[in-house]
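These are my notebook entries on a structure that I looked up step by step. I begin with the way one chain is divided and then turn to contacts and pairs of side chains.

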Amino acid sequence: MLSIETLQNFNIFKYLWVGFVIFWIFAGWMTFALFYHWIKYSQLNTILFRLFQFIFIGGMVFLFFLSFFFFIKI
Amino acid sequence: MIPLEQGEYIVATFRKHWWKIFTWGLSMTVLAFIPIIFLFVFIYAIPQASLEHWTYILGLGYSVWLTVLWIMFFVEWTDFYLDVWVVTNKRVVDIDHEGLFSREISAVRLEDIEDTTTESYGILATFLKFGNVFIQTAGSRNEFYLREANNPDKIRQTISNLIDTAKKLNEHNPHNS
């Protein structure tokens with residue numbers, strides 16, 4: 001039975017990892033989708049494409065480690 | 001990218017103006033700084049508030065926020081880069097991306113083009129040379145458009161020159177279609 005006490009004792013931080021995993025599945029999917037497009041359409045096989053690909057992946061790796069660092073510290 | 005016919009070659013590819021992706025990048029940058037501004041305002045407004053226990057939660061939230069913005073920018077960039085008009089010596093191919101995994105490709109033969117119109121409004125469009133290009137055609141899809149195109153006058157000129165060349169070729173060789 002759901003009571004006020006149950007709600008008061010509910011610790012949202014205990015379940016934060018669920019949101020974190022869902023978010024990273026989404027981020028992983030988006031990364032895949034972008035790569036799929038960039039590789040499929042070979043017109044992007046240019047220096048500009050390589051540069052943006054490098055920046056995008058570099059940024060994603062950095063942000064992943066950043067969020068993971070904060071996550072394990074909680 | 002697109003299969004070409006025999007004797008067909010790409011003359012030019014046209015994209016939207018860089019201003020569009022620049023403004024998008026600028027808005028993403030502003031959005032990235034908004035949580036920091038809010039945090040400073042909060043600390044300034046309530047100096048006795050302690051954020052000691054919230055450091056990592058806020059850090060996690062902010063890194064997730066940055067990741068979302070990062071992905072949004074690159075989705076927009078992909079859309080910008082793949083929205084392209086490929087002008088060949090026989091056709092104009094319009095590749096239109098409407099988000100990831102939504103794609104529309106239309107082609108119009110040069111002899112079916114009835115009219116090419118360009119329009120540009122505003123100071124920025126005039127100085128940075130961007131605007132809309134419309135092609136009126138006799139085909140089933142009777143209008144092609146490229147919004148915020150880079151150098152619309154050059155696009156119109158290129159297409160007009162190609163139409164003239166194709167007409168001259170057809171006059172000299174009526175069996176060549």
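Entry 1, domains. I note that the model is predicted. I looked up the domain assignment of chain B, which gives domain 1 as residues 22–79 and domain 2 as residues 83–172. I then took the C-alpha centres of domain 1 and domain 2 of chain B and found them 40 Å apart.

Entry 2, the interface. I asked how many residues each chain brings to the contact. Chain B contributes 26 residues, and chain A contributes 34 residues. In chain B, the residues that lose the most area to chain A are B:Tyr56, B:Trp70 and B:Phe101, which together make up 21% of what that side buries. I recorded the buried area next. Interface size is often stated as the accessible area that is lost when the parts come together. For chain B and chain A the value is about 2,800 Å², with 84% of it on carbon and sulfur atoms.

Entry 3, polar links across the interface. I searched for salt bridges between chain B and chain A, and the rule finds zero. For polar contact between the two chains, the count is one residue pair, with both residues at pLDDT 80 or more. I then asked which element gives the most to the side of chain B that touches chain A. The element is helix H2 (residues 55–82) of chain B, with 18 residues. The residues on this side of chain B divide into 19 nonpolar, five polar and two charged.

Entry 4, aromatic pairs. Over all chains I found 24 aromatic pairs in the structure. One of them joins A:Phe32 and A:Tyr36; the ring centres are 6.2 Å apart, the planes form an angle of 35 degrees, and the pair counts as tilted. Both residues belong to helix H2 (residues 16–40) of chain A, where A:Phe32 and A:Tyr36 are four residues apart, about one turn of the helix.

Entry 5, salt bridges. Side chains of opposite charge can pair when their charged atoms come close. Over all chains I count seven salt bridges by the rule used. One that I examined joins the side chains of B:Arg91 and B:Glu5, at 4.0 Å from N to O. This pair links distant parts of the chain, 86 residues apart: B:Arg91 is in strand S3 (residues 91–97) of chain B, and B:Glu5 is in the segment before strand S1 (10–15) of chain B.

Entry 6, B:Arg15. I located B:Arg15 in strand S1 of chain B. A polar atom of the B:Arg15 side chain lies 2.8 Å from the backbone oxygen of B:Tyr81. B:Arg15 and B:Arg147 are 132 residues apart in sequence, yet their C-alpha atoms are 9.2 Å apart in space.

Note on methods. Residues are numbered from 1 along each chain as its sequence is written. Chains are lettered from A and ligands numbered from 1 in the order in which they are written. This is a predicted model: local features need pLDDT of at least 70, side-chain atom pairs count only at pLDDT 80 or more; totals for chains, interfaces and linings use all residues. Side-chain values use heavy atoms; hydrogens and water are left out. Domain bounds come from an automatic or database domain assignment. Contact means heavy atoms within 4.5 Å. Buried area is the accessible area (1.4 Å probe) that two parts lose on being put together, summed over both. A polar contact is a pair of N or O atoms within 3.5 Å; within protein, one must be able to donate a hydrogen and the other to accept it, and residues adjacent in sequence count only if both atoms are side-chain atoms. Helices (H or I, at least four residues) and strands (E, at least two) are DSSP runs, numbered from the N terminus. Ala, Val, Leu, Ile, Met, Phe, Trp, Tyr, Cys and Pro count as nonpolar, Asp, Glu, Lys and Arg as charged, and the others, Gly among them, as polar. Rings of Phe, Tyr and Trp (its six-membered ring) pair if their centres lie within 6.5 Å; planes under 30 degrees apart count as stacked, over 60 as edge-to-face and the rest as tilted.
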